[in-house]
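User: I am new to this structure and would like a close look at its salt bridges. Could you walk me through them slowly, one pair after another?

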Amino acid sequence: MDNIYLYMIIALAILAVADLVVGVSNDAVNFLNSAIGSKAISFKTIMIVASLGVAVGAVFSSGMMEVARKGIFNPGEFMFNEIMIIFMAVMITDILLLDFFNSVGMPTSTTVSIVFELLGAAVAMALIKIGHDGGDFSDVINYINTSKASQIIFGILLSVVVAFSIGALVQWVSRILLSYNFEKKAHWVGALFGGFALTAITYFIFMKGLKGTSYAKESFDILGGGTMKDFLEEQVLSIVLVSSVFWSLLSYALIAFVKTNIYKLIIIVGTFALALAFAGNDLVNFIGVPVAAYNAFQEWSASGVAASAFPMDVLAEKVPTNNWLLFGAGMIMVLTLWFSSKAKGVVKTSLDLSSQGETKERFQPNFLSRGFVRSAMLMSQMSAYMLPDSWQAKIEKQFETPVIALSKDKTHELPAFDMVRAAVNLMVAAVLISIATSYKLPLSTTYVTFMVAMGTSLADRAWGAESAVYRVAGVLNVIGGWFFTAFSAFTAAALVAYLLNLNINVMFPILLFAAFGLLIRSSIAHNKKSKLVKSEDSLQIAESSSVQGVIHESAGNIANVVKRGNKIYSNAINGLAKQDLSLLKKNQKQIDKLSLEVDSLRDNIFYFIKNLDESSIGASNFYINILGYLQDMTQSLEYISKVSHKHVNNNHKKLKFSQIKELKEVDQRFERLFNNTKKAFDSRSFEEIGAILSRKKEIVSLVSDKIQKQVERTRTEESSPKNTTLYFSVLIETKDLLSATMNLLEEYYTAHDASVKPATIDIDVVLDEKIGG
């Protein structure tokens with residue numbers, strides 16, 4: 001029995017490493033978002049700065065380990081065997097919960113998850129003890145630190161409202177003062193902004209990064225035996241005033257004489273600060289529980305007392321964490337930062353929701369987001385009536401976004417937002433977390449940084465009429481996810497603790513293997529999804545401004561649609577022939593994905609036309625027609641796939657052998673058509689389209705012949721109305737699919753012919769002149 005606890009310690013050590021990986025994947029958004037979004041510095045520089053911050057913060061995090069030991073529950077009320085069950089339940093739940101949020105690309109709070117897991121597991125064990133001793137439910141208060149739990153819940157609500165509001169206000173004022181032409185402002189303007197921002201960030205480094213560490217408790221003789229912690233808390237005004245003057249003067253010198261971009265410096269220092277604070281304060285969320293479990297195991301092993309009779313008062317005492325252990329944890333965090341693709345997914349969610357430009361919206365609008373947007377529009381109209389026209393004109397001028405001229409193939413490199421917003425994001429997050437720390441309010445770094453970014457986005461008018469309902473819906477989804485984190489962490493940890501308590505020898509290996517199994521499955525699914533996103537079959541937006549350029553750029557899309565359309569059509573026919581419901585269901589997903597991609601191309605028409613020069617307007621007509629025919633093709637395939645699935649799903653009669661045979665003939669003929677078309681577009685041999693078009697009459701006749709045969713069968717022998725309806729539906733839609741395909745080929749053939757002929761004529765004229773000469 002005693003060996004089980006040694007195995008649990010080993011398992012907790014492995015889980016700690018895994019938790020570090022999934023935890024950093026989730027929390028990287030806190031300190032990478034602003035730097036990556038603004039593209040102020042290279043990605044490599046961002047990662048180096050963030051890595052240094054994480055490494056330094058990890059070494060400074062020793063003092064924070066106490067939270068996992070005694071912050072949520074009273075350890076003296078539990079025995080060693082009960083504490084081990086609590087800690088194991090917390091780690092199993094935490095790793096699965098964070099991995100789930102990483103997989104869906106949603107930022108959540110590791111602080112809230114660990115706190116509510118500790119709370120849930122401790123409550124479960126307390127109730128089991130109370131039930132066993134015949135106590136009352138109200139006795140649970142003796143086991144749990146209820147004031148801390150209520151503080152955490154208050155912190156969630158406070159951080160959501162305050163961070164969003166302050167972020168919006170500071171960004172609005174900053175934009176009014178600096179506008180989008182901030183780099184052309186007088187040196188003293190940038191110096192004052194730099195002084196204020198750098199003061200906020202450096203004070204944040206000391207207050208949030210170093211407070212709570214062993215270094216902060218060092219005494220200073222000049223303070224009469226006081227500590228750095230006391231100095232930081234008691235001399236706030238003096239520190240801020242001196243720092244402001246120092247940083248403002250330094251900023252002015254850097255701007256005026258060294259020609260330094262002060263906004264880049266703010267972003268670099270701010271990224272380092274938030275990375276340091278994240279590692280220094282959130283490392284406890286990943287390894288605090290295993291470290292506490294190891295300390296408990298050491299004390300119990302040395303005591304020689306039975307596990308069920310050894311009280312855990314020892315966890316209430318202060319025990320320093322090994323610095324090498326902290327360094328090792330820091331290195332794992334740094335490696336995860338560089339190599340985790342899930343971290344990039346979480347950062348992308350935050351950037352998409354705060355982007356100044358158009359992005360592919362990830363979230364669908366709901367009644368709440370529509371209501372919020374309508375309310376905001378009404379408030380905006382009311383303020384317009386209240387402010388004088390001259391004021392409104394000045395404000396509008398400050399919010400005029402500059403046109404950034406980039407070459408066509410560089411449009412994807414535009415930053416999500418400018419350096420002023422990035423600096424405000426970092427500065428406001430630093431100030432709010434510093435203030436909360438000084439007042440001992442447990443604000444989550446994730447909640448603060450995310451909500452500040454959303455507030456600055458709103459104030460900066462990144463949420464326009466085209467995107468507001470989608471962005472607000474996204475923010476509401478993320479906030480809903482935070483409350484879901486608290487509820488699910490509490491419930492799941494309580495359940496796991498209960499199961500472990502039933503029979504620890506049996507349930508411990510089962511739950512551990514289940515946790516690792518789910519993690520591996522999640523990782524495989526994520527890799528598969530990533531490969532699908534990167535697959536060559538995804539459609540590409542045209543960026544050329546000439547007809548010839550669009551012809552060649554669109555050829556790849558045509559080849560992809562034809563290849564995938566061929567497979568979708570064949571699967572529909574094969575699914576009907578075999579009554580294979582799973583194949584038809586999978587087929588519907590494939591056509592839905594293709595339809596969405598074609599719709600996305602159509603949504604980009606506005607920007608495509610905007611990029612055209614005066615001499616290339618013809619390219620827009622060609623591109624619009626091509627997209628129209630592609631949409632006609634996908635609509636026909638969608639209908640064929642839908643009616644086929646519906647027929648088999650409703651368990652209707654199977655098609656007759658003669659009907660299946662005829663559909664197979666049509667499918668084989670279509671396969672030849674699609675394969676020849678794909679080959680022509682893949683090789684850009686557009687002259688071969690003429691040969692394909694010459695066989696149009698033959699294919700149309702084949703489909704018409706099958707329709708006529710079915711008409712005759714219906715009059716003489718057909719007895720199933722459902723079969724007849726399905727067969728006609730498939731063939732008539734096949735005819736429409738053929739028509740759309742041929743129209744697309746004719747459009748291509750005509751456009752290519754017209755774009756090539758002038759060049760040919762010019763060459764002939766030149767040759768004639770030379771021969772004549």
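**A close look at the salt bridges**

Analyst: Happy to! Let us start with Glu 665 and Lys 706, whose side chains meet in a salt bridge with an N to O distance of 2.8 Å. Please keep in mind that this is a predicted model. The pair links distant parts of the chain: Glu 665 sits in helix H23 (residues 657–682), Lys 706 sits in helix H25 (residues 696–716), and their positions lie 41 residues apart in the numbering. How buried or exposed are the two partners? Glu 665 has a relative accessible area of 33%, so this residue is partly exposed. Lys 706, at 3% relative accessibility, counts as buried, because buried means under 20% relative accessible area.

Now to another pair, Glu 698 and Arg 669, which form a salt bridge with their closest N and O atoms 2.9 Å apart. Glu 698 belongs to helix H25 and Arg 669 to helix H23, so this bridge ties together parts that are 29 residues apart in sequence. Glu 698 is partly exposed, at 41% relative accessibility, whereas Arg 669, at 8%, counts as buried.

Next comes a pair inside a single helix. Which residue does Glu 597 meet in a salt bridge? The partner is Lys 593, and the N to O distance is 3.0 Å. Both residues are in helix H20 (residues 581–603), and because they are four residues apart there, about one helical turn separates them. Glu 597 counts as buried, with 13% relative accessibility, while Lys 593 is partly exposed, with a relative accessible area of 35%. These two residues also belong to a network: salt bridges that share partners join Arg 564, Lys 593 and Glu 597.

How many salt bridges does the structure hold? There are seven, among them the pairs described above.

To place these pairs in a wider setting, it helps to look at the nonpolar cores. The largest has 139 residues, and those with the most contacts inside it are Tyr 5, Phe 73 and Phe 80. Helix H10 (residues 262–303) gives the most to this core, supplying 21 residues. A second, separate core has 54 residues, including Ala 577, Ile 640, Leu 655 and Leu 726.

On the surface, Ile 48, Leu 52, Leu 335, Trp 338 and Phe 339 make a nonpolar patch of about 540 Å². Helix H11 gives the most to this patch, with three residues, and Leu 52 has its place in helix H2.

Technical notes. Residues are numbered from 1 along each chain as its sequence is written. This is a predicted model: local features need pLDDT of at least 70, side-chain atom pairs count only at pLDDT 80 or more; totals for chains, interfaces and linings use all residues. Side-chain values use heavy atoms; hydrogens and water are left out. Patches are made of residues with over 30% relative accessible area and no salt bridge: like charges are joined within 9 Å, nonpolar side chains (Val, Leu, Ile, Met, Phe, Trp, Tyr) within 5 Å. Accessible areas come from the Shrake-Rupley method with a 1.4 Å probe; for residues, only the protein chains shown count as cover. A salt bridge is a side-chain nitrogen of Lys or Arg within 4 Å of a carboxyl oxygen of Asp or Glu. Helices (H or I, at least four residues) and strands (E, at least two) are DSSP runs, numbered from the N terminus. A nonpolar core is a set of buried Ala, Val, Leu, Ile, Met, Phe, Trp, Tyr and Cys residues joined through side-chain atoms within 4.5 Å. Buried means under 20% relative accessible area, exposed over 50%, partly exposed in between (1.4 Å probe, protein chains only).
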